[in-house]
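Biologist: Could you take one part of this model and go through it closely, in connected prose, giving the cut-offs behind each term as you reach it?

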Amino acid sequence: MAEEGLGARFARLSNTIRILRETKLLGNLGLAGIPVIRRARKAGALGPQILFALHAANIPNQTAIIFRDRKISYKELNDRINRTASGLLKLGLKPGDKVALMVTNCNEYIETSIALQKLGMSMVPLSTQLKAKEANYILSNSDATAVVLSDSKQDVIREAIAGNGKISESRCVVVGKASGKMTAYDEVQRSGSAEEVLVNLKEVKTSLIMYTSGTTGKPKGAERKMSSVGGDVILSYIDLNGLKARDVHYCPCPLYHAAPTAYNTLTWVLGGTVIIVEKFDAEQMLKDVERYRVTTTQMVPTQFNRLVNLPAETLHEYDHSSLRVMITAAAYCSPALKKKILDTFGPVLFEMYGATELGMVTVARPEDLKKNPSTIGKKVPAIEIRLLDDNGKEVGVDQPGELFVGSKFLIDGYYKDEAATQSSKKGGFFSVGDVAKVDAEGYYYILDRKKDMVISGGVNIYPAEIEEELLQHPAVFDAAVVGVPDEEWGEALKAFVVLKPGQKASEAELIGFCAERLAKLKKPKSIEFMDELPRNPQGKVLKRELREKYWAGRETRV
């Protein structure tokens, strides 16, 4: 990265002052928080983990979390975080340990994640959808020595740790009623103290190890040091996404994913309130928006799709005028869906493109999406983007290339997988395999995943383009396109389609619909109708599962 000049520093300072004024963040700060910062600096623990202690001093009665209609203030939340932290130490955990979390959405997840940061422990989030065999692999690969889990996951974890010498049942902390030798979270809380726990974080290596979704094989542990991100960068993220102090943020996405964690944290930086939802329900969301006057939310496209496809009378029944920012992130969102969101809720839609490995890369604001719903926006400050061809050379304007990101916010690498780390890097830049292009105005467009690209008759075809057209059909609710074996062409395009309730469409009709809008070589050769597409909890289509039965038994897969 190029060294910052004096002019750039002045511009950055001016921008910071503007954001502080516009977000009204300064209203959350006061003299009461100064001792918190002094103690943390003295202990070498000045980082994001002191955020809640700072707010507990400055705005103690402000609501930090709402869960199951229970309101938890910043003071109560920080006390609970400290009790969890000191309770885990009494359980025998120590700074530097790796602790896995398999917890459904709840306030205890937040308390534990912040407690681990305060203790200098590394966190390994686990999807609550995992089976025992899958959990066993991650627990073993990550070198975790303890697990915090929901009571509904006790059988899964008990089976997963069988034969694992690093994790005993007594090191399994259960949110809810514990069985066997596992320890109840409430016991950990009762054994702890509300006093601040300060660990010198410079003396231990702490990280967040988030395992990738595993859509193409074994998941990889994306490891990122739990270091302090520059305040000016956090403020720029807040500004780009239109966030403000005391926002009420609605979080219906699993907390073990990167995007909800990021937007929840930005809300808490601003002293706002986060409503944590256990399971997404589109109509219930509208009820909650009206009741709590929700101002912001971040969701995956699948959730947006369900929301905008509610009956018109349901959408108009509830007052959602408080919604100012609706962010789509974590999975591909079609231009058709983005347009429908804008038509339904007005100019409130923001799109964030990023990845666990890359952090936030681009942001598209409502005015960008209204003008061109295909874009994912412009790059965020403090990063560089390169679009490279197969020979590693940068491509020109409007030309497809693999997207590589250079930034100090990249992951350190894949945990214990140097080969995978190096294969994703080029000259200090990192890629997750997305193919993109950039136009003359600096707007980026994701064309597809490189591994999802289909080569038919020697021509590169990006399925996302066909999926976009299928989603324009009035009867289509969801669609995915993959390449299947074809003796003549090598690969042929096959579409998997979910129809809207009560709607009908034939294979011939949908193929003809695409033929009218796309080049002949991009027309699906066949269509299979499904009740729903296989997706991981993050909302990404598991195309590997769609392809598998067609490629099974073949020695090579093009």
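Modeller: Helices (H or I, at least four residues) and strands (E, at least two) are DSSP runs, and they are numbered from the N terminus. The model is a predicted one, in which local features need pLDDT of at least 70 and side-chain atom pairs count only at pLDDT 80 or more, while totals for chains, interfaces and linings use all residues. Residues are numbered from 1 along each chain as its sequence is written, and side-chain values use heavy atoms, with hydrogens and water left out.

I start with Arg 68, which sits in the loop between strand E1 (63-67) and strand E2 (70-73). Its phi is near 50 degrees, a positive value in a residue that is not glycine, and with a relative accessible area of 60% Arg 68 is exposed (exposed means over 50% relative accessible area, buried under 20% and partly exposed in between, with a 1.4 Å probe and protein chains only). Asp 143, in the loop between helix H6 (132-142) and strand E5 (146-150), likewise has a positive phi, of about 65 degrees, although it is not a glycine.

Helix H3 (residues 51-58) has seven of its eight residues buried, so H3 is largely enclosed by the rest of the structure. The buried residues are Leu 51, Phe 52, Ala 53, Leu 54, His 55, Ala 56 and Asn 58, and their cover includes helix H2 (34-42), H4, H5 and helix H10 (258-269).

Two of these covering helices, H4 and H5, also pack against each other. The axes of helix H4 (residues 74-90) and H5 come within 8 Å and cross at roughly 60 degrees (the axes being lines fitted to C-alpha atoms, for helices over the stretch in contact, with angles from 0 to 180 degrees between N-to-C directions). This crossing angle makes H4 oblique to H5, since angles under 35 degrees count as roughly parallel, over 145 as roughly antiparallel, 65 to 115 as roughly perpendicular and the rest as oblique. From H4, the residues that meet H5 include Leu 77, Ile 81, Ala 85 and Leu 88, and among their partners in H5 are Glu 108, Thr 112, Ala 115 and Leu 119 (contact means heavy atoms within 4.5 Å). By class, this contact has nine nonpolar, five polar and four charged residues, where Ala, Val, Leu, Ile, Met, Phe, Trp, Tyr, Cys and Pro count as nonpolar, Asp, Glu, Lys and Arg as charged, and the others, Gly among them, as polar.

The largest nonpolar core has 86 residues, and those with the most contacts inside it are Ile 65, Tyr 109 and Trp 268. Helix H5 (residues 107-119) gives this core its largest share, six residues. Such a core is a set of buried Ala, Val, Leu, Ile, Met, Phe, Trp, Tyr and Cys residues joined through side-chain atoms within 4.5 Å. Neighbours within four places in sequence aside, Tyr 109 is in contact with Leu 101, Val 103, Met 123, Pro 125, Leu 255 and Tyr 256. A second, separate core of 30 residues includes Phe 280, Met 299, Leu 307 and Leu 315.

Leu 307 is also one of the buried residues of H12, a helix that is mostly covered, with seven of its eight residues buried. Gln 303, in helix H12 (residues 301-308), counts as buried at 8% relative accessibility. Not counting residues up to four places away in sequence, Gln 303 touches Pro 252, Cys 253 and Phe 280.
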